[in-house]
Amino acid sequence: MELPPEPFEIEESRSDGTTVLTLHGELDLAYADGLSARLDELRDRGEPVIVDLDQLEFVDSSGLRVLLKATQDSEDGAWRFRVTRGSEAVVRLLRAAGLEGRLPTVEGPVG
């Protein structure tokens with residue numbers, strides 16, 4: 001029997017002057033706006049951000065939209081935004097969507 005997905009959660013920490021947002025569970029339409037609002041706040045304050053996707057079980061198109069918008073925001077200005085490689089589920093989704101290599105990725109464990 002398959003276990004139900006864990007609820008979505010954003011765990012926030014700091015590492016070397018960077019805000020790390022570790023995402024748990026499933027990033028979908030119900031939670032994408034909340035993540036987007038938090039990223040906008042951090043961008044507006046100029047705080048570097050790493051979004052840790054390694055614990056994420058699933059991401060839908062609305063979640064991808066948030067990550068792509070943050071990527072675009074970082075390319076347009078001085079804000080530093082990066083993501084971790086992501087769980088196998090996230091890697092498969094990015095590959096299937098033709099987005100592999102599109103997000104600015106940091107190597108190694110965060111924090």
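Me: Buried means under 20% relative accessible area, and exposed means over 50%. In this predicted model, is Phe-8 buried or exposed?

Reply: Phe-8 sits in the segment before β1. Its relative accessible area is 13%. The cut-off for the lower class is under 20%, so Phe-8 counts as buried.

Me: Which residue forms an aromatic pair with Phe-8?

Reply: Two aromatic pairs are counted in the model. In the pair that contains Phe-8, the ring centres are 5.0 Å apart and the planes are at 25 degrees, which makes the pair stacked. The partner lies in helix α1, so the pair ties together parts that are 23 residues apart in sequence. The partner is partly exposed, at 36% relative accessible area, and is Tyr-31.

Me: How far apart are the end C-alpha atoms of helix α1?

Reply: Helix α1 runs over residues 29-44, which is 16 residues. At 1.5 Å a residue it should span 22 Å. The end-to-end distance in the model agrees with that figure, at 23 Å.

Me: Which residues of α1 are buried?

Reply: The elements that the buried residues of α1 pack against are β1 (9-15), β2 (18-27), β3 (49-52), α2 (61-76) and β5 (81-83). One of these buried residues is Arg-38, at 18% relative accessibility. The full set is Ala-32, Leu-35, Ser-36, Arg-38, Leu-39 and Leu-42.

Me: Which residue just after α1 takes a positive phi?

Reply: Most residues other than glycine have a negative phi. The residue in question is a glycine, and its phi is about 75 degrees. This residue is Gly-46.

Me: Where does Asp-16 lie?

Reply: Phi of Asp-16 is near 50 degrees, a positive value in a residue other than glycine. Asp-16 is exposed, with a relative accessible area of 81%. Its place in the chain is the loop between β1 and β2.

Me: Which residue meets Glu-12 in a salt bridge?

Reply: Side chains of opposite charge can pair when their charged atoms come close. Here the N to O distance is 2.6 Å. Glu-12 lies in strand β1 and its partner in helix α1, so the bridge ties together parts that are 26 residues apart in sequence. Glu-12 is partly exposed at 41%, whereas the partner is buried at 18% and is Arg-38.

Me: What separates Arg-43 and Asp-40 along helix α1?

Reply: The side chains of Arg-43 and Asp-40 meet in a salt bridge of 3.0 Å, N to O. Arg-43 is partly exposed at 23%, and Asp-40 is partly exposed at 22%. An α-helix has 3.6 residues a turn, so residues three or four places apart point the same way. Arg-43 and Asp-40 are three residues apart, a separation of about one helical turn.

Me: Which residues are linked with Asp-40 in a network of salt bridges?

Reply: The count for the model comes to twelve salt bridges. The bridge between Arg-43 and Asp-40 has an N to O distance of 3.0 Å. In the network, Asp-40 is linked with Arg-43, Asp-44, Lys-69 and Asp-73.

Me: Which residue meets Glu-75 in a salt bridge?

Reply: The N to O distance in this bridge is 3.0 Å. The pair links distant parts of the chain, with Glu-75 in helix α2 and its partner in the segment after α3 (88-96), 27 residues apart. Glu-75 is partly exposed at 48%. The partner is partly exposed at 34% and is Arg-102.

Me: What covers the buried residues of α2?

Reply: Helix α2 has 16 residues and reaches 22 Å from its first C-alpha to its last. Its buried residues include Leu-64, Val-66, Leu-67 and Ala-70. The cover over the buried residues includes β2, α1, β3, β4 (56-59), β5 and α3.

Me: Which residues touch the most other members of the largest nonpolar core?

Reply: In soluble globular proteins, nonpolar side chains tend to be buried together. The largest nonpolar core here holds 24 residues. The elements that give two or more residues to this core are β2, α1, β3, β4, α2, β5 and α3. Those that touch the most other members are Leu-23, Leu-39, Val-49, Val-51, Leu-53, Leu-56 and Phe-81.

Technical notes:
Residues numbered from 1 in each chain as written. Predicted model: local features only at pLDDT ≥ 70, side-chain atom pairs only at ≥ 80, totals over all residues. Heavy atoms only, no water. Helix = DSSP H or I, 4+ residues; strand = E, 2+ residues; numbered from the N terminus. Expected span 1.5 Å × (residues − 1). Buried < 20%, exposed > 50% of the residue type's maximum accessible area, 1.4 Å probe, protein only. Contact = heavy atoms within 4.5 Å. Salt bridge = Lys/Arg side-chain N within 4 Å of Asp/Glu carboxyl O. Core = buried A, V, L, I, M, F, W, Y, C linked by side-chain atoms within 4.5 Å. Phe/Tyr/Trp six-rings, centres within 6.5 Å; stacked < 30°, edge-to-face > 60°.
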